[in-house]
Amino acid sequence: MAFRPLGDRVLVKRVEEEAKTKGGIIIPDTAKEKPQEGQVLAVGPGARDDSGKRVEPDVKTGDRILFGKWSGTEVKVDGEDLIIMKESDILGVVAA
């Protein structure tokens with residue numbers, strides 16, 4: 001199924017964190033927090049400003065981003081857990 005976000009919405013896949021600390025301690029699933037880092041899978045065409053002109057999104061497909069803990073709405077697309085969020089919920093882009 002192809003999915004295309006509308007407006008200023010972005011489709012994000014969470015990036016899984018390591019299950020082990022640098023010291024070698026394995027973190028059980030029950031103690032893990034959901035990662036706040038993800039990869040942009042799809043971007044909408046952008047929002048419209050007060051005059052009706054479309055404002056291009058700052059993020060693009062493939063960007064690694066940071067977002068707030070409670071940002072977006074979790075959805076399941078083709079059996080995969082993803083997040084749809086507004087571009088304003090994105091805190092920043094992680095430099096490669």
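This is a short tour of the structure, stop by stop, with a suggestion of what to select at each one. Please keep in mind that the model is predicted.

**Stop 1: the whole chain**

Start with everything shown as a cartoon. How many helices and how many strands are there? The chain holds 0 helices and 8 strands, so reading along the sequence gives the pattern β-β-β-β-β-β-β-β. Now switch on the surface for a moment. About 7,000 Å² of the chain is exposed, and carbon and sulfur atoms supply 52% of that area. Of the 96 residues in the chain, 28% are buried. If you like to think in contacts, take those between residues at least 6 apart in sequence: 61% of them join residues at least 24 apart.

**Stop 2: strand β5 and its two faces**

Select residues 64–67, which make up strand β5, and show their side chains. Which of them point to one face, and which to the other? I65 and F67 share a face and are buried. R64 and L66 point to the opposite face and are not buried.

Keep β5 in view and add its partners. Select residues 37–43 for strand β2, which runs antiparallel to β5 and is joined to it by 3 bridges. Within this pairing, look for Q39 opposite R64. Next, select residues 90–94 for strand β8. Here 4 bridges make the link to β5, again with the strands antiparallel. To find your place in this pairing, look for F67, which stands opposite I90.

**Stop 3: R64 and E37**

Now zoom in on R64 and add E37. These two form a salt bridge, with their closest N and O atoms 2.7 Å apart. R64 belongs to β5 and E37 to β2, so the salt bridge ties together parts that are 27 residues apart in sequence. Are these residues buried or exposed, or somewhere in between? R64 has a relative accessible area of 37%, so R64 counts as partly exposed. E37 is partly exposed too, with a value of 23%.

**Stop 4: a nonpolar patch**

Stay with β5 and move along to L66, which lies in that strand. Add L91 and V94 to the selection and bring the surface back. Together the three residues form a nonpolar patch on the surface, with about 260 Å² of accessible area. L66 has a relative accessible area of 38% and is therefore classed as partly exposed.

**Stop 5: the β6–β7 hairpin**

Hide the patch and select residues 73–77 together with 80–86, which are strands β6 and β7. The two strands form a hairpin with 2 residues between them. What is there to see at the turn? Click on D78, which has a positive phi of about 55 degrees. The strands of this hairpin run antiparallel and are joined by 5 bridges. As a landmark, K76 stands opposite D81.

**Stop 6: strand β1 joins in**

Add residues 9–14, strand β1, to the hairpin. β1 pairs with β7 in the antiparallel sense, over 4 bridges. Look for V10, which stands opposite M85.

**Stop 7: two salt bridges from β1**

Leave β1, β6 and β7 on screen and show the charged side chains. Begin with K13 and E80, whose side chains meet in a salt bridge at 3.0 Å, N to O. K13 is in β1 and E80 in β7, so this pair ties together parts that are 67 residues apart in sequence. K13 is partly exposed, at 36% relative accessibility, and E80 is partly exposed as well, at 31%.

Then pick R14 and E74. What joins their side chains? They form a salt bridge, with the closest N and O atoms 3.2 Å apart. E74 lies in β6 and R14 in β1, so the pair ties together parts that are 60 residues apart in sequence. E74 is partly exposed at 48%. R14, by contrast, counts as buried, because its relative accessible area of 18% is under the 20% cut-off.

**Last stop: back to the full view**

Zoom out and show every salt bridge. How many are there? The count comes to 6 salt bridges, among them the R64–E37 pair, the K13–E80 pair and the R14–E74 pair.

Technical notes: Residues are numbered from 1 along each chain as its sequence is written. This is a predicted model: local features need pLDDT of at least 70, side-chain atom pairs count only at pLDDT 80 or more; totals for chains, interfaces and linings use all residues. Side-chain values use heavy atoms; hydrogens and water are left out. Buried means under 20% relative accessible area, exposed over 50%, partly exposed in between (1.4 Å probe, protein chains only). Two strands pair if DSSP finds at least two bridges between them. A salt bridge is a side-chain nitrogen of Lys or Arg within 4 Å of a carboxyl oxygen of Asp or Glu. Patches are made of residues with over 30% relative accessible area and no salt bridge: like charges are joined within 9 Å, nonpolar side chains (Val, Leu, Ile, Met, Phe, Trp, Tyr) within 5 Å. Accessible areas come from the Shrake-Rupley method with a 1.4 Å probe; for residues, only the protein chains shown count as cover. Contact means heavy atoms within 4.5 Å.
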